[in-house]
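Biologist: Before planning any bench work, I should like to go through this model with you. Could we take the chains and their helices in turn?

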Amino acid sequence: MSGAATFAWGALWGAVSLTIVGALTTVLVLVERKISGRIQMRVGPMHTGPHGLLQTVADIVKLLFKEDVRPARADAMAFRLGPLLTAVPAVLSFAVIPFGAPLIMRDLNVGVLYFLAVPGVTAVGLLLAGWASYDNYSFLGGLRSSAQFISYEIPRTLAVVGVVMLAGSLRVSAVLEAQRTVPFLVLEPLGFVLYLVTTLAEVNRTPFDIPEAESELVAGYHTEYSGFRWALFFLAEYGALFAASAFATVLFLGGGNGPLLPAFVWFLVKTLAIVFLTMWIRWTLPRFRSDQLMRLAWKVFLPLSLVNLVLAGLAMQVVAG
Amino acid sequence: MSGGQSMLFVLVGVVAAVSALYAVLTRQILRSIMSLGAFLTAVAVEFYVLAADFVSVVQIFVYVGGVVVLMLFALMLSASGERHPLAGADRPGLGAVLAYLVGGGLVVASLGAGLPEPGKAPAQTVDLLGRSFLGGQLFAFELMGVVLLAAVVAALVVARGERQ
């Protein structure tokens, strides 16, 4: 492709990714509220639209019209930059997600590494937002989130290294090609569990949502935000959740591989199944304490991820025969 | 490189230079760190334009997602919400002389070296890097691991020593 065509293709994908993240958040928030209702023997939102289907649409309209409040002593630049640096990496990570064979923006040589690296910038946004708000709850939430992020990034990356060893490539299409017959879930069950659990911690979901634990920190790093800046944190959370689930599908479930249905449909079914799993976990398990969370990362998940590397080596031998 | 690529290279280079200067010149430490983050991102883009995609992504992974976060973390733990301006250096004169000497030396050296013609970038740099890390450069690679391990142990000793 020529330079201009590449640029146009990238810009188109950017717009599409942004739309997808917006639409996904709208749908997933409603789905999550409905699922949480079912799990807690409630019905969830019912009044806006048939069976409450328009609840989140109404919420968006409300958020757009809300006053944009900034605390008087907040650092203006950092306060504005925080939500942006949180949401933009989540949208950028959609560039390497293969929604079916031709539906990938760029099949980078280092696609898998890109997916691990770019959402990591979110930690900068959360820290900035928490610090700039000039509020103790926000500040503690920001600090906790960054400590958690850095700790869980290590076992998460090591869990993915096992997949890269088996596929022999960092290219997304090569990882999918290597799973044409057997998905890596079969060869790497421990890696899958490790990836899933550490991902919950990375996207700040229960049982690892300590950065925004409402009973102790109000709302953590986004306590002082309102209106659409606040909505950006939600876009980031659900965008990152979907992207991470999509990548679990790529790494362990064989992406769009499957009988009868087209690749695109298989990909979405598998991804949404993982999203549902995370919601199920969120409304079933209690939250960890901050020190338990850190101990878990360094004393359980890090050693386990090293064990997983050895197992991946063994699996390589089995595959090679 | 095509015309568009050279243009992008120069444009991002200007962003990198400006953000690097701002990181050094500003007196506000938070702005300095954020500007450093912008500089590191710009350098990552430069690597990508130069067909070093692995180095580019690792630059984001390690520096923007790791080092900048650690710097912010350290700032926030030490400054506890106050906007501390950077303290002035003890001997600005000596520092300036040293900086000019090193910078000038680098400029003279690079001008005198006579740059080679740009080569053709290989299509796959990851394979080549991996093979040389675990092949010819294995000793240096492993040595680096030992040095980093020693640094981690040293950091633990320092942290533990303070507590007792």
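**Loops, helices and the chain contact**

Modeller: The model is predicted. Let us begin with A51(B), which is partly exposed, because 16 other C-beta atoms lie within 10 Å of its own.

Biologist: Where does A51(B) lie in chain B?

Modeller: A51(B) is not a glycine, although its phi is positive, at about 70°. The residue belongs to the loop between α2 and α3 of chain B.

Biologist: Is M41(A) buried or exposed?

Modeller: M41(A) is another non-glycine residue with a positive phi, here about 60°. Its place is the loop between α1 (3–39) and α2 (55–65) of chain A. Since 12 or fewer C-beta atoms within 10 Å is the cut-off, and M41(A) has 6 others within 10 Å, M41(A) is therefore exposed.

Biologist: How many helices and strands does the secondary structure of chain B come to?

Modeller: From the N terminus on, the elements of chain B run α-α-α-α-α-α. Of its 164 residues, 16% count as buried. The secondary structure of chain B comes to 6 helices and 0 strands.

Biologist: Which element gives the largest share of the side of chain B that touches chain A?

Modeller: In the contact between the chains, 21 residues of chain B meet 23 residues of chain A. On the chain B side, the elements giving two or more residues are α1 (3–25), α2 (29–49) and α3 (53–79). By class, this side has 12 nonpolar, 7 polar and 2 charged residues. The largest share, 12 residues, comes from α3(B).

Biologist: Turning to chain A, how are α6(A) and α13(A) oriented to each other, and why?

Modeller: Helix α6 (residues 136–167) and helix α13 (residues 290–320) of chain A pack with their axes 7 Å apart, at an angle of about 10°. By class, the contact of α6(A) with α13(A) has 20 nonpolar, 7 polar and 1 charged residues. Angles under 35 degrees count as roughly parallel, and α6(A) and α13(A) are therefore roughly parallel to each other.

Biologist: What distance separates the end C-alpha atoms of α13(A)?

Modeller: Helix α13(A) has 31 residues, which at 1.5 Å a residue should span 45 Å. The helix also has a kink of about 35°, centred on L296(A). The distance between the end C-alpha atoms agrees with the expected span, at 43 Å.

Biologist: Against which helices do the buried residues of α13(A) pack?

Modeller: The buried residues of α13(A) are L296(A), A297(A), F301(A), S305(A), N308(A) and A312(A). L296(A) is thus both buried and the centre of the kink. The buried residues of α13(A) pack against two helices of chain A, α6 and α9 (189–202).

Biologist: How many residues of α5(A) are buried?

Modeller: Helix α5 of chain A covers residues 122–132. Its buried residues include T122(A), G125(A) and W131(A). Y134(A), with a positive phi near 60°, follows α5(A). The helix is mostly covered, and its buried residues number 11 of 11.

Biologist: Lastly, what distance separates the C-alpha atoms of A273(A) and I39(A)?

Modeller: A273(A) is found in helix α12 (residues 263–282) of chain A. It counts as partly exposed because it has 13 C-beta neighbours inside 10 Å. A273(A) and I39(A) are 234 residues apart along the chain, and their C-alpha atoms are separated by 17 Å.

Terms used. Residues numbered from 1 in each chain as written. Chains lettered and ligands numbered in written order. Predicted model: local features only at pLDDT ≥ 70, side-chain atom pairs only at ≥ 80, totals over all residues. Axes fitted to C-alpha atoms, helices over the stretch in contact; angles between N-to-C directions. Helix = DSSP H or I, 4+ residues; strand = E, 2+ residues; numbered from the N terminus. Parallel < 35°, antiparallel > 145°, perpendicular 65-115°, else oblique. Nonpolar A, V, L, I, M, F, W, Y, C, P; charged D, E, K, R; others polar. Contact = placed C-beta atoms within 7 Å. Expected span 1.5 Å × (residues − 1). Bend = angle between axes of the 7 residues up to and from the residue. Buried ≥ 20, exposed ≤ 12 C-beta atoms within 10 Å, placed from the backbone.
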